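Open your viewer, switch to a cartoon view and keep the selection box handy. We will go from stop to stop, picking a few residues each time and looking at what is there.

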Amino acid sequence: MKPPRTLSLSAAVLTLVAAAPAQASTIAGCPLLPRTFPTNQRVDRLPILPGSDAITASIGLDAGLHADFGSGRYEGRPIGIPYDVVSRRTPRSRVRFGYADESDRVRYPIPRGVHVEGGRDADGDRHALLVDRSACRLYELFDLQGRPGAWSAGSGATWSLRANRVRPAGWTSADAAGLPILPLLARHGEVARGRIDHALRVTVRRSRRAYVYPARHFASDDPDPSLPRMGERLRLKAGVDVSGLPLQARVIATALKRYGLIVADNGSDWYVSGAPSVGWENDQLHTLARLTGRDFEVVDARPLQR
């Protein structure tokens, strides 16, 4: 394996970025939710949740973190969850929903050539994430199928990116937890500037029949208290040394100490979500596997509830 390349960002610049006050991440001039939204708030000083050890053990103590995103393709498909930036000129389309009673039944700005997770012929979650830069509104769809004029999806949800609001209690979104997806993705632009200022989306194989704010929906029939709830916040322990990680992995690991992971869906254990980009160095991202379940703890995030 060839040695990983590094970004042209000096240690001095990284130090200055780390010391700067946190600001909401942005896309196309729009904030990815207000700075006060729970997933944009730091958890490094919150107390550990009772039962933390049992919860992390249920996810897997020896399993390593996996970056479920990167550059290039894996088995012919893009790696990660893509998104599209649209505008008021993008045609709006009606969408038929499988979970219509918990979906926002508005017209969705689905562009021609919309990017779907896994590619247009994928058979997975097929998420489509759309940012309307004209109104700073986020539209997200699960299992998008069809063509212009004949779209269908499992579920759909919209957010004002300037508003501190969550889904109605008990409602799903394009994600099982009823959370937005795009504001919880690792994006290369954030890592290139040296800091991620929000929690990152993570999946687990087994979850509890419960959710914790800001999640609004569960996706399990199992009441076992040793399992994580949807919305559970997992923090990389302060004493874990991340200095030996290459730059891209180190920026992500630092964010996991400050903002943590948030359980958003059922899937493979310890899979962290991000958007694909040619700027990712896959060899660097793979080193996140050095961080295992033993390096994490569950925090009591109730102080963040509004």
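Begin by selecting leucine 234 and valine 298: leucine 234 has valine 298, in β17, as its bridge partner. Keep in mind as you look around that this is a predicted model.

**Around β14**

Now widen the selection to strand β14 (residues 233-236) and strand β17 (residues 296-298), which pair in the antiparallel sense over 3 bridges. Next, add strand β15 (residues 261-266), which runs antiparallel to β14 and is joined to it by 2 bridges. To see one contact on that side, pick arginine 233, whose bridge partner in β15 is isoleucine 262.

Turn on the side chains of β14. Are its faces covered or open? Both faces are covered. Arg233 and Arg235 lie on one side, Leu234 and Leu236 on the other, and all of them are buried.

**An open sheet**

Move on to the open sheet of 4 strands, ordered β6-β8-β9-β12 with mixed pairing. Select β6 (84-86) and β12 (155-160): these two stand at the edges with a single partner strand each, so one side of each has no neighbour in the sheet. Look along the sheet and you can follow a twist that averages 20° from one strand to the next.

Then isolate strand β9 (residues 137-142) together with β12; they run antiparallel and are joined by 6 bridges. A handy pair to label here is arginine 137 and its bridge partner in β12, serine 160.

**The disulfide**

Just before β9 in the chain, select cysteine 136 in the loop between β8 (128-132) and β9, along with cysteine 30 in strand β2 (residues 30-31). How far apart are their sulfur atoms? They are 2.2 Å apart, and the two cysteines form a disulfide. A search of the whole structure finds 1 disulfide. The pair links distant parts of the chain, 106 residues apart, and both cysteine 30 and cysteine 136 are buried. If you display the torsion about the S-S bond, expect about -85°, so this disulfide is left-handed.

**The cavity**

For the last stop, look for internal space: the structure holds 1 cavity of 30 Å³ or more, and the largest cavity has about 30 Å³ of space. Which residues line it? Select Phe37, Trp159, Arg165, Val166, Arg167, Gly178, Leu179, Pro180, Pro214 and Arg216. Colour this lining by residue class and you will find 6 nonpolar, 1 polar and 3 charged.

Technical notes. Residues are numbered from 1 along each chain as its sequence is written. This is a predicted model: local features need pLDDT of at least 70, side-chain atom pairs count only at pLDDT 80 or more; totals for chains, interfaces and linings use all residues. Side-chain values use heavy atoms; hydrogens and water are left out. Two strands pair if DSSP finds at least two bridges between them. Axes are lines fitted to C-alpha atoms, for helices over the stretch in contact, and angles run from 0 to 180 degrees between N-to-C directions. Buried means under 20% relative accessible area, exposed over 50%, partly exposed in between (1.4 Å probe, protein chains only). On a 1 Å grid over the protein atoms alone, a cavity is a set of points where a 1.4 Å probe fits but cannot get out, and a pocket is an open set with protein on both sides within 12 Å along at least five of seven lines; lining residues have an atom within 4 Å of a point. Grid points are joined across faces, edges and corners, and a volume is the space filled by probe spheres set on the points. Ala, Val, Leu, Ile, Met, Phe, Trp, Tyr, Cys and Pro count as nonpolar, Asp, Glu, Lys and Arg as charged, and the others, Gly among them, as polar. A disulfide is a pair of cysteine sulfur atoms within 2.5 Å.
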